Amino acid sequence: MRRLLVTGGAGFIGSNFVHHVMEHTDAHVTVLDKMTYAASPEALAALPAARVRVVEGDITDAALVDELVAGLTGEDDALVHYAAESHNDNSLADPSPFITTNLVGTFTLLEAVRRHGVRMHHVSTDEVYGDLELDDPQRFTEATPYRPSSPYSASKAGADHLVRAWVRSFGVRATLSNCSNNYGPWQHVEKFIPRQVTNLLSGGRVKLYGSGANVRDWIHADDHSSAVLTILDAGQVGQTYLVGADGERSNLQVVRLLLELLGRDPDDLDHVTDRAGHDLRYAIDPTKLRTELGWVPRYTSFEEGLASTVEWYAAHEDWWGPKKAAVEAAYAAKGQ
């Protein structure tokens, strides 16, 4: 029986991974999550209790981490590390939680897997590479130099470097992945796509940073989950794999599509104050993952994936509704 310890497994991307593991494997999962505002215990509630155990705790708690990692005794058992502070706007307001969780937390996990000889996969972001010009024909690859531009991306870049150092210096059996922007079920309403969807579902208007020219490379969270599971099973220790689904869209294109999907006028949007240091364009080249490990995304159409996401939020107002007012008040205070 395979056992997986998933940090941040009650968060957006982590919970989608746990669902994917339940659907596609017979593994048993322990979720370690601090249960901050960004966590959704509801996302795990319907999963079988016989296979999913949830532990509330901090990845910087060395004693707790050591106890959980020590239970991963099988050859195929592994730690999958999703836990992170990840909202760029929050990192600009207060960088300290990002340093603690993303750097100290990753260090704590690395020391535990080093002591117990456990396989680890570290989940990171394409934001560590900085940004690209809109007309640049290049995309990020595994060889792209790091050039983070926010406290969030800098803390994730530092965490990536820690993992590589522990692989080289101590022989830790770890792989890494850097993924493009995720969308899908259970994403907190402070994030770009859920915020716009829930604005429209509530009868409000889209809020667009600046002109909306910034480009992101979008991937459905279920496709990210399948990629991580593929790397966990077939990836080469010490290697990094970039995860993307060829989903480049400008923010303006995304909101115009949302307006279309919800039957709204294409100009039902408000331009708001742009984010400080807002990266211009992200673009992932997933060639290595596809050619070496044979991974392919399920959602080859961003429009199809976005439509299913809109349907999910329309059906789950009981989950996001209580969070909405506080999120909008925080944005309003910043003129956004």
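Is Asp-89 buried or exposed? In this predicted model, Asp-89 is buried, with a relative accessible area of 6%. Its place is in helix α3, residues 88-93. Setting aside residues up to four places away in sequence, Asp-89 touches Tyr-209, Arg-275, Tyr-331, Lys-334 and Gln-336.

Two names in that list come back. I will take Tyr-331 now and Tyr-209 a little later. The ring of Tyr-331 has the charged end of Arg-195 over it, 3.8 Å from the ring centre. A second arrangement of this kind involves Arg-114, which lies over the face of Phe-170 at 3.9 Å from the ring centre.

Now the ring-ring pairs. A pair of aromatic rings is described by the distance of the centres and the angle of the planes. A search of the whole structure gives 16 aromatic pairs. Tyr-129 and Phe-140 make one of them, with 5.2 Å between centres and 35° between planes, and the pair is classed as tilted. Both residues are in the loop between β5, residues 119-125, and α5, residues 151-170, and they are 11 residues apart. Tyr-129 is buried at a relative accessible area of 2%, and Phe-140 is buried too, at 1%.

Another pair is Tyr-183 with Trp-218, which is edge-to-face, at 6.4 Å centre to centre and 75° between the planes. Tyr-183 belongs to strand β7, residues 181-183, and Trp-218 to strand β9, residues 215-220, so this pair ties together parts that are 35 residues apart in sequence. As for burial, Tyr-183 has 1% relative accessibility and counts as buried. Trp-218 also counts as buried, at 5%.

Going back to the first pair for a moment, which residues form one aromatic cluster with Tyr-129 and Phe-140? The other members are Tyr-146 and Tyr-282.

Next, the nonpolar cores. In soluble globular proteins, nonpolar side chains tend to be buried together. Here the largest nonpolar core has 27 residues, and the members that touch the most others are Ile-193, Leu-258, Phe-302 and Leu-306. Which elements each supply at least two residues of this core? They are α6 (192-201), β8 (206-209), α8 (251-261), β12 (269-272), α10 (302-315) and α11 (317-333).

Phe-302 connects this part of the talk with the aromatic pairs. Among the residues it touches, beyond four places in sequence, are Tyr-183 and Trp-218. The contacts of Phe-302 also include Ile-193, Arg-249, Val-254 and Leu-257. Apart from the largest core there is another, of 23 residues, with Leu-5, Leu-72, Ala-112 and Met-120 among them.

Helix α8 deserves its own minute. Its buried residues are Asn-251, Val-254, Val-255, Leu-257, Leu-258 and Leu-259. An α-helix has 3.6 residues a turn, so residues three or four places apart point the same way. What covers the buried residues of α8? The cover includes α6, β8, β9, β11 (248-250), β12 and α10. Just after the helix, Gly-263 takes a positive phi of about 65°.

One of those α8 residues, Asn-251, is also a contact of His-278. Where is His-278? Its place is the loop between β12 and α9, residues 287-293. At 14% relative accessibility, His-278 counts as buried, because the cut-off for buried is under 20%. Its side chain has a polar contact of 2.7 Å with the side chain of Asp-274. A further polar contact, of 3.3 Å, runs to the side chain of Arg-216. Leaving aside neighbours within four places in sequence, His-278 is in contact with Asp-131, Tyr-209, Asn-214, Arg-216 and Asn-251. Tyr-209 is the residue I promised to return to: it is touched by Asp-89 as well.

For contrast, take Gly-321, which lies in helix α11. Gly-321 is partly exposed, with a relative accessible area of 28%. Its C-alpha atom is separated by 29 Å from that of His-81, 240 residues away along the chain.

Last, the annotation. An unreviewed UniProt entry places the feature "domain: NAD(P)-binding" at residues 5-308. Over residues 5-308, the model is 39% helix and 18% strand, and the end C-alpha atoms are 29 Å apart.

How values were computed: Residues numbered from 1 in each chain as written. Predicted model: local features only at pLDDT ≥ 70, side-chain atom pairs only at ≥ 80, totals over all residues. Heavy atoms only, no water. Phe/Tyr/Trp six-rings, centres within 6.5 Å; stacked < 30°, edge-to-face > 60°. Helix = DSSP H or I, 4+ residues; strand = E, 2+ residues; numbered from the N terminus. Buried < 20%, exposed > 50% of the residue type's maximum accessible area, 1.4 Å probe, protein only. Lys NZ or Arg CZ within 6 Å of the ring centre and 35° of its normal. Core = buried A, V, L, I, M, F, W, Y, C linked by side-chain atoms within 4.5 Å. Contact = heavy atoms within 4.5 Å. UniProt positions renumbered as here; feature names shortened; annotations may be inferred. Polar contact = N/O pair within 3.5 Å; in protein donor to acceptor, adjacent residues only side chain to side chain.
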